[in-house]
Amino acid sequence: ESPEYIDEQGIARMQTWAKHSGGGIILIDSLATCMPSNGVSENDPEFVQPLAVLQEKVAPHGATIIVIHHTSKTESAKGVVASRGTSALPALCSQIIYLRHDDEGENDGDSKQLILATESRAAQSVELYLTMDKKGKWSAKSSDALRKERLRKKTLEKLNSRQRESYE
């Protein structure tokens, strides 16, 4: 099926669905795909206005909106500033979950490493390091555990052969 646009008719259909389903999840994948092409740039704060209206219409029915949105091309951007387009979008969200490549990880071709991080108005931020092995199995480590592991590894790399032998 084609996507439901976040325009007047689409919002009305999603509101009706939320009312009859008693809540549920509305998944917007991706925001740029589902926004009406009304000539408003995604860099303009007005771009997210239809999404704000959708939130207002489905909130009384307990619906949760999940929006998939891509990051900007800025390599150093992380967190809410990584969101492509207007900063009005992250301001509209109560919870942001984002994935980024782990630049310090050992992406050796056999495994992939990502960082899953959250930012929230109401809860403590969380950061997990995800690794997919060559068999496709994912594992997760807390940021504290991984930092300790990396610090230990860097420290061991600095030891000379006698020190390393003593340590082992």
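On the surface of this predicted model, the side chains of Ile25, Leu27, Ile66 and Ile68 form a nonpolar patch, and together these residues have about 350 Å² of accessible area. If you look for the parts of the chain that build the patch, you will find that β1 (25-29) and β2 (64-68) are the elements that give two or more residues to it.

One member of the patch can be followed a little further, namely Ile68, whose place is in strand β2. Because its relative accessibility is 33%, and the partly exposed class lies between the buried limit of under 20% and the exposed limit of over 50%, Ile68 counts as partly exposed.

From here we can turn to another part of the chain, where Tyr167 has its place in helix α6, which covers residues 161-167. Tyr167 is likewise partly exposed, with a relative accessible area of 46%. Which residues does Tyr167 touch, when those up to four places away in sequence are not counted? The residues in question are Arg152, Leu156 and Leu159. For Leu156, which is eleven residues apart from Tyr167 along the chain, the C-alpha atoms of the two residues are separated by 8.7 Å.

It remains to ask how confident the predictor is in what we have been looking at. The protein averages a pLDDT of 83, and 88% of the residues score at least 70. Among the elements of the protein, helix α3 (residues 49-58) has the highest mean pLDDT, at 95, whereas helix α5 (residues 143-158) has the lowest, at 82.

Terms used: Residues numbered from 1 in each chain as written. Predicted model: local features only at pLDDT ≥ 70, side-chain atom pairs only at ≥ 80, totals over all residues. Heavy atoms only, no water. pLDDT = per-residue confidence, 0-100. Helix = DSSP H or I, 4+ residues; strand = E, 2+ residues; numbered from the N terminus. Patch = residues over 30% accessible without salt bridge, like charges linked within 9 Å, V, L, I, M, F, W, Y side chains within 5 Å. Areas by Shrake-Rupley, 256 points an atom, 1.4 Å probe, with all protein chains shown as cover. Salt bridge = Lys/Arg side-chain N within 4 Å of Asp/Glu carboxyl O. Buried < 20%, exposed > 50% of the residue type's maximum accessible area, 1.4 Å probe, protein only. Contact = heavy atoms within 4.5 Å.
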